[in-house]
Amino acid sequence: MPLSNCSNSSDFILSGIPASAEFHFWIGFLLFFIYLVAVIGNLTLLYIIKVDQELHEPMYIFLFMLSVVDLAVATTSMPRMLGIFWFDSRQITFGMCLTQMFFVHFLSALESGILVAMAVDRYVAICLPLRYSSILTYENILKISLVIAVRGAAVMIPLPLLIKRLSLWKDNLLTHSYCLHQEVMNLACGDIRVNVIYGLFIILSVMGVDCLFISGSYLLLIKTVVSVAADANLKAFSTCAAHICAVLVYYVPLIGLSVVHRFNITVVPNLHILFGNVYLLLPPVINPLIYGIKTKQIRSRLSKLFSKTTKQGTIPRELCNICAEHDK
């Protein structure tokens with residue numbers, strides 16, 4: 001494209017979900033309801049895991065971490081979305097766009113890493129049950145958490161820096177409700193080969209490797225369960241159902257969004273916008289529901305919690321404190 005058709009605009013315009021103006025309030029209301037469900041669901045999980053000593057096990061510690069990340073993902077994107085539909089606040093500065101871009105991708109890498117850690121937990125619990133407590137100690141869980149965080153930061157920090165080196169833009173209109181590296185780089189007039197290569201490297205080396213690792217762990221799990229068809233193994237494998245659902249909820253929209261952006265697929269209008277919103281909003285909403293329904297211990301604790309709440313007519317003080325801290 002000729003440079004005369006390019007600009008050095010420092011602001012971007014967020015589009016959000018295409019809809020007539022009269023539907024904006026209701027779309028915003030729906031998004032707010034989705035956010036509220038995500039916040040309540042994840043805070044409830046955090047509260048249950050925190051107060052129940054029986055849930056202070058590796059599996060639930062990783063679930064605690066997943067809920068924290070899901071809350072952060074929803075909070076990073078939702079206020080901007082609500083601003084678009086309720087206040088028509090579409091403009092975002094270049095610096096804010098880069099900041100949001102980093103956190104969206106960083107939190108995505110954290111979630112992927114935590115799902116791998118949860119797969120490791122299930123593998124050790126089923127394939128090496130006698131060594132479970134010696135392998136997944138609190139010290140090792142802390143080390144795993146640090147590795148996940150450092151890896152996420154290390155691979156995602158270059159993304160905004162690679163965008164920052166680009167100064168001329170074909171357009172400043174973004175079709176998503178948030179800043180995404182794949183879309184922002186496609187608006188640049190300059191050479192984006194480095195961005196494309198690095199973005200592909202991240203997909204393959206982080207999400208791709210994580211996905212293969214999770215798949216490999218479940219192949220070994222299935223092999224173990226089939227070869228030793230003991231009731232204990234079958235019962236342990238049943239605890240994997242929630243994790244498998246969480247993996248699908250995370251990876252299917254991610255892969256769909258990457259394919260649509262990478263190959264510019266436009267068979268279905270606004271398909272990339274649909275995948276973009278599902279990719280960010282679905283896991284924070286669905287994960288608490290999955291674990292609340294599929295995990296017996298959490299389901300039992302939820303039943304006791306709501307029974308106590310119904311009898312007293314009040315919300316437990318600890319849950320109120322968590323909500324208050326989140327609102328701050």
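This passage walks through a predicted model of a protein, from its overall make-up to its sheet, aromatic pairs and cysteines.

The secondary structure comes to 13 helices and three strands. Of the 328 residues in the protein, 48% are buried. The exposed surface amounts to about 16700 Å², and carbon and sulfur atoms supply 69% of that area. Among contacts with a separation of 6 or more, 79% are accounted for by residues 24 or more positions apart.

A good place to begin is the sheet. The three strands form an open sheet in the order 2-1-3, and the pairing is mixed. Strand 2 (91-93) and strand 3 (173-174) stand at the edges, and each has a single partner strand, so one side of each is left without a neighbour in the sheet. In general, strands of a sheet pair through backbone hydrogen bonds, in either a parallel or an antiparallel sense. Both senses can be found here. Strand 1 and strand 2 run antiparallel and are joined by three bridges, with F12 standing opposite I92 in strand 2. Strand 1 (residues 11-14) pairs with strand 3 in the parallel sense, over two bridges. On that side, I13 has L173 of strand 3 as its bridge partner, while L14 stands opposite L174 in strand 3.

Which helix lies across these strands? Helix 3, made of residues 94-127, lies across strand 1, strand 2 and strand 3. Relative to strand 2, helix 3 runs at about 85 degrees.

The aromatic rings come next. The whole structure contains eleven aromatic pairs. One of them joins F12 and F94 in a tilted arrangement, with 6.1 Å from centre to centre and 35 degrees between the planes. F12 lies in strand 1 and F94 in helix 3, so this pair ties together parts that are 82 residues apart in sequence. Both partners are buried, but to what extent is each accessible? F12 has a relative accessible area of 1%, and F94 has one of 18%. The cut-off for a buried residue is under 20%, so F94 still falls within that class.

A second pair, W26 with F29, is edge-to-face, with 6.4 Å between the centres and 75 degrees between the planes. W26 and F29 both lie in helix 1 (residues 24-51), three residues apart, which is about one turn of the helix. Are these two residues buried or exposed? W26 is exposed, with a relative accessible area of 56%, whereas F29 is partly exposed at 44%. W26 and F29 also belong to one aromatic cluster, together with F25, F32 and W86.

The cysteines offer another link to helix 3. The structure holds one disulfide. It is formed by C97 and C179, whose sulfur atoms are 2.0 Å apart. The link is left-handed, with -120 degrees about the S-S bond. C97 lies in helix 3, and C179 in the loop between strand 3 and helix 7 (181-186), so the disulfide ties together parts that are 82 residues apart in sequence. C97 is buried, with a relative accessible area of 0%. C179 is likewise buried, also at 0%.

C240, in contrast, is in no disulfide. The nearest cysteine sulfur to that of C240 belongs to C127 and is 9.2 Å away. A disulfide calls for sulfur atoms within 2.5 Å, so C240 and C127 do not qualify as a pair. C240 counts as buried, at 0% relative accessibility. For C245, the relative accessibility is 29%, and this residue counts as partly exposed.

A final stop is D210, found in helix 8 (residues 193-227). This aspartate is buried, with a relative accessible area of 5%. Which residues does D210 touch, leaving aside those up to four places away in sequence? D210 touches S112, G113, V116, R151 and Y251.

Definitions and conventions: Residues are numbered from 1 along each chain as its sequence is written. This is a predicted model: local features need pLDDT of at least 70, side-chain atom pairs count only at pLDDT 80 or more; totals for chains, interfaces and linings use all residues. Side-chain values use heavy atoms; hydrogens and water are left out. Two strands pair if DSSP finds at least two bridges between them. Helices (H or I, at least four residues) and strands (E, at least two) are DSSP runs, numbered from the N terminus. Contact means heavy atoms within 4.5 Å. Axes are lines fitted to C-alpha atoms, for helices over the stretch in contact, and angles run from 0 to 180 degrees between N-to-C directions. Rings of Phe, Tyr and Trp (its six-membered ring) pair if their centres lie within 6.5 Å; planes under 30 degrees apart count as stacked, over 60 as edge-to-face and the rest as tilted. Buried means under 20% relative accessible area, exposed over 50%, partly exposed in between (1.4 Å probe, protein chains only). Accessible areas come from the Shrake-Rupley method with a 1.4 Å probe; for residues, only the protein chains shown count as cover.
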